[in-house]
Amino acid sequence: MKKILSMFIIIVTSLAIVSCANSIEDNTLSVVFYTGPGASKVDTVFDLNVGDKIPQPKEPTSLAGDFVAWYKDVNLSEEWDFENDTLSKSITLYAKWDYYNFKITYDLRGGEWPSNFKVIIIPFSI
């Protein structure tokens, strides 16, 4: 019985050592492009390395505005330069939009607003 138990321990230990030696290490980087709600999707870029430049993606589109540029931070304060900037880690780039402004005018066609009607103006952005 001791021989069987010893043999079992040796086999399990050997398998554990062999499986650790064959572990896969992935050091590649990825870039996620966040376009925002209502905008077209831009695919994530995988398999990049430290020091690589990001291939410039096709510009996203939106019915709410015009695409301006890709930014390094969610506050849109530092623009990504595809010609000069390189990767040091996996990142997310954020799309900046120049949103359209709309003015809505109601034609009451001779009618009038109810006496208790209140107009509320709410700034809106997508």
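Two residues touch, in this tour, when they have heavy atoms within 4.5 Å of each other. Keep that in mind as you click around, and remember that you're looking at a predicted model.

**Stop 1: the whole chain**

Show the protein chain as a cartoon. You'll find 1 helix and 4 strands, and if you follow the sequence the pattern reads α-β-β-β-β. Now switch on the surface: the accessible area is about 10,700 Å², with 57% of that belonging to carbon and sulfur atoms. Buried residues account for 23% of the 126 residues in the chain. Of the contacts between residues at least 6 apart in sequence, 54% link residues at least 24 apart.

**Stop 2: the sheet**

Hide the surface and select the strands. They make an open sheet of 4 strands in the order β2-β1-β4-β3, and the pairing is mixed. Look for β2 (45–48) and β3 at the edges, where each pairs on one side only. From one strand to the next, the twist averages 25°.

Strands of a sheet pair through backbone hydrogen bonds, either parallel or antiparallel. For a parallel pair, pick β1 (residues 29–34) and β4, which are joined by 4 bridges. Zoom in on Phe33 and you'll see its bridge partner in β4, Leu93. For an antiparallel pair, move over to β3 (residues 65–71) and β4 (residues 91–99), joined by 6 bridges. Strand β3 is mostly covered, with 5 of its 7 residues buried.

**Stop 3: the nonpolar core**

In soluble globular proteins, nonpolar side chains tend to be buried together. Here, the largest nonpolar core has 17 residues; select Val31, Phe33, Ile54, Trp70, Leu87 and Leu93, which touch the most other members. The elements giving two or more residues to this core are β1, β2, β3 and β4, and β4 gives the most, with 4 residues.

Which residues does Val31 touch, leaving aside those up to four places away in sequence? Turn on its surroundings and you'll meet Thr44, Val45, Leu48, Ile54, Leu87, Ile91 and Leu93.

**Stop 4: Thr35**

Next, select Thr35, in the loop between β1 and β2. Is Thr35 buried or exposed? The cut-off for buried is under 20% relative accessible area, so Thr35, at 9%, counts as buried. Look around it, skipping residues up to four places away in sequence: Thr35 touches Ser40, Val42, Pro60, Trp70, Ala95 and Trp97. With Ser40, draw a distance line from the backbone oxygen to a polar atom of the Thr35 side chain, and it should read 3.1 Å.

**Stop 5: Asp66**

Finish on strand β3, where you'll find Asp66. Across in β4, Asp98 stands opposite Asp66. Asp66 has a relative accessible area of 40%, so it is partly exposed; that label covers values between the 20% and 50% cut-offs.

What does the side chain of Asp66 make a polar contact with? Add Tyr100 to your selection: the two side chains meet in a polar contact at 2.8 Å. Asp66 and Tyr100 are 34 residues apart along the chain, yet their C-alpha atoms are separated by 7.7 Å. To complete the view, show Lys96, Trp97 and Asp98 as well, since Asp66 touches these along with Tyr100, not counting residues up to four places away in sequence.

Key. Residues are numbered from 1 along each chain as its sequence is written. This is a predicted model: local features need pLDDT of at least 70, side-chain atom pairs count only at pLDDT 80 or more; totals for chains, interfaces and linings use all residues. Side-chain values use heavy atoms; hydrogens and water are left out. Buried means under 20% relative accessible area, exposed over 50%, partly exposed in between (1.4 Å probe, protein chains only). Two strands pair if DSSP finds at least two bridges between them. Axes are lines fitted to C-alpha atoms, for helices over the stretch in contact, and angles run from 0 to 180 degrees between N-to-C directions. A nonpolar core is a set of buried Ala, Val, Leu, Ile, Met, Phe, Trp, Tyr and Cys residues joined through side-chain atoms within 4.5 Å. Accessible areas come from the Shrake-Rupley method with a 1.4 Å probe; for residues, only the protein chains shown count as cover. A polar contact is a pair of N or O atoms within 3.5 Å; within protein, one must be able to donate a hydrogen and the other to accept it, and residues adjacent in sequence count only if both atoms are side-chain atoms.
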